[in-house]
Amino acid sequence: MSLDYLYEHLLEWDLSKLKHEHPRSARSEDALDKYKSSFEYVRIMEPLNLLECYASIRQVFAEFRDQEKARRFGGFRFKVQATKEGDDNELFTEICMGATQQELEEYELFSSTLVVITVPGSGKAKCLGKISKIVWNKKTREMDVWIRTRRADLREGSLWECCYLTNMATAERELLALLSIGDFALKNDILFGQCYSFPKGPDSEIRRLQDKYIGKLNRSQAQAVYGSLNTRGGFSLIQGPPGTGKTSTIVSIIRELLESGSRPLMFCAPSNAAVDELTKRLKKHFLDEKLDYKILRIGRPESVHTEVAHLTLGGMITFFYDNVLKDAPGMELKTARKWHSTEHLPPYMFFNVEGKHKFGDNHSFYNTAEIQFANKLVSAVLKCVGAGEKLDIGIVSPYKQQVEKLRHHFEQRYDTEKETMTLEIQTVDSLQGREKDIIIMSCVRAHPTAHSVGFLADVRRMNVAITRAKASLWIIGNADTLVSNEKWQSLLRNANERNVYCEASDFHTREGVYMDNLGISLEALSLE
């Protein structure tokens, strides 16, 4: 079912004005208690749905129109790589831009995202666009992002910025569900407003549930559990103000359904926070009651609370392969290097750097303290290089702004293609499938009040970063911040147990022999 009629009008929005309504919403009328047919239901409910959809978009666009905010944070700057007319060339023009997966995540650009295309620098809104397709381009090794527009003047080669406005996925699902009501098994319940009496159950059953969930269900909650499990209809609506125990009731319903053999079972909620809270409650309940039910939290790692991140598909990959993966015979000798005999330049080390990340251009973070320390590591290891030797060094970070700052710093101070060293500085994603003699990973995220680690929570990206080194992997990060994530907490604990955890200040003190010419002030770094 096509929603072209929605975007045909929505993408024509004159962004100099806030007022914009879909033509179909002009004939809206009050909802009915009962409907004669699916046609009547759609005729009345569709305009109301469009009214709500447009009101939501107007609200987020009103916030976006703060030009000072738009100029301060900016959007993803891109060049139009190609244009094409849509399936119905009377309606849309699609433009293509290239971006890495990391950039898409940084700027929250996903399929079904509604974006504002702006003039670079000024932040002036040009038009709306909707991301229609994202595909991998083998040639450029980036993602081709196709944006549907109603403008024909976004020419190939022109420069623009793309700013997140809102994600249309929920609005699209609601509208498609509404339009598809004729196919629903519970169609008649919806159309005719059939409301079955909610079975309250015999007192013996209510008491049984209260005894089973002692201290967790009062009488009305136990009745809600019983009624949900025994209702004649397909719906159970449990209403209650905040703090009345709805989540505890849902946990009990889920357990009862599982014990009755109804599995697998899916639960969902309108927000990630709500899903995470229910997941935490279920996890605790299953542990307390020693129940062997498995929970899988579906969602992008960066959207999932750290307490339940291990329940995602990625999180269920046992950290470090549960120590099953072993070196082949002779690998220790094959990968041995001169600098490994130096106390703080072993094959693997985590360096704890005190510092704070900062919010830079392009909606990305950077950390000057980690750039300084990366410089010290490179300088120290270069002193160990013998005549005729050449190191292949890679410095990686999950943040584009940090990569740009690192490149600027090292280009000013080193010939990155000189006889003793080849130095490449890239995002983690860009180094996938490749290896270097030495990998220095800059984690960036460091703040005393930080409650998450951002992109570092992605266990797949973490796996790529720590498996690129042939001889040495040195991770630079802030332990106090990283410990908030379960996977990084495991890595830090593992590093401490293996005696490969080092305070950056200790490296400065004990490796004073390497500190010649390293007295670099923040001002000289030109990083602010």
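## Surface patch around Ile-298

In this predicted model, Ile-298 lies in the loop that links helix H10 (272-288) to helix H11 (331-334). Its relative accessibility is 62%, above the 50% cut-off, so Ile-298 is classed as exposed.

Ile-298 belongs to a nonpolar surface patch together with Met-266 and Leu-296. The accessible area of these residues together is about 370 Å².

## The six-stranded sheet

An open sheet is built from six strands with parallel pairing, and their order is E12-E11-E13-E14-E8-E15. The edges are taken by strand E12 (421-427) and strand E15 (501-503); each has a single partner strand, so one side of each lacks a neighbour in the sheet. On average, neighbouring strands are turned by 20° against each other, direction ignored.

Within this order, E14 stands next to E8. Strand E8 (residues 348-352) and strand E14 (residues 469-477) run parallel and are joined by five bridges. Met-349 has Trp-474 of E14 as its bridge partner.

## Helices on the sheet

Helix H13 (residues 400-413) packs on the sheet, where it touches strand E11 (391-397), strand E12 and strand E13 (436-442). The direction of H13 makes about 155° with that of E12, which is one of the edge strands.

Helix H16 (residues 486-497) lies across E8, E13, E14 and E15. The angle at which H16 runs to E8 is about 110°. Strand E13 is touched by H13 and is also among the strands that H16 lies across.

Technical notes
Residues numbered from 1 in each chain as written. Predicted model: local features only at pLDDT ≥ 70, side-chain atom pairs only at ≥ 80, totals over all residues. Heavy atoms only, no water. Pairing = 2+ DSSP bridges. Helix = DSSP H or I, 4+ residues; strand = E, 2+ residues; numbered from the N terminus. Axes fitted to C-alpha atoms, helices over the stretch in contact; angles between N-to-C directions. Contact = heavy atoms within 4.5 Å. Patch = residues over 30% accessible without salt bridge, like charges linked within 9 Å, V, L, I, M, F, W, Y side chains within 5 Å. Areas by Shrake-Rupley, 256 points an atom, 1.4 Å probe, with all protein chains shown as cover. Salt bridge = Lys/Arg side-chain N within 4 Å of Asp/Glu carboxyl O. Buried < 20%, exposed > 50% of the residue type's maximum accessible area, 1.4 Å probe, protein only.
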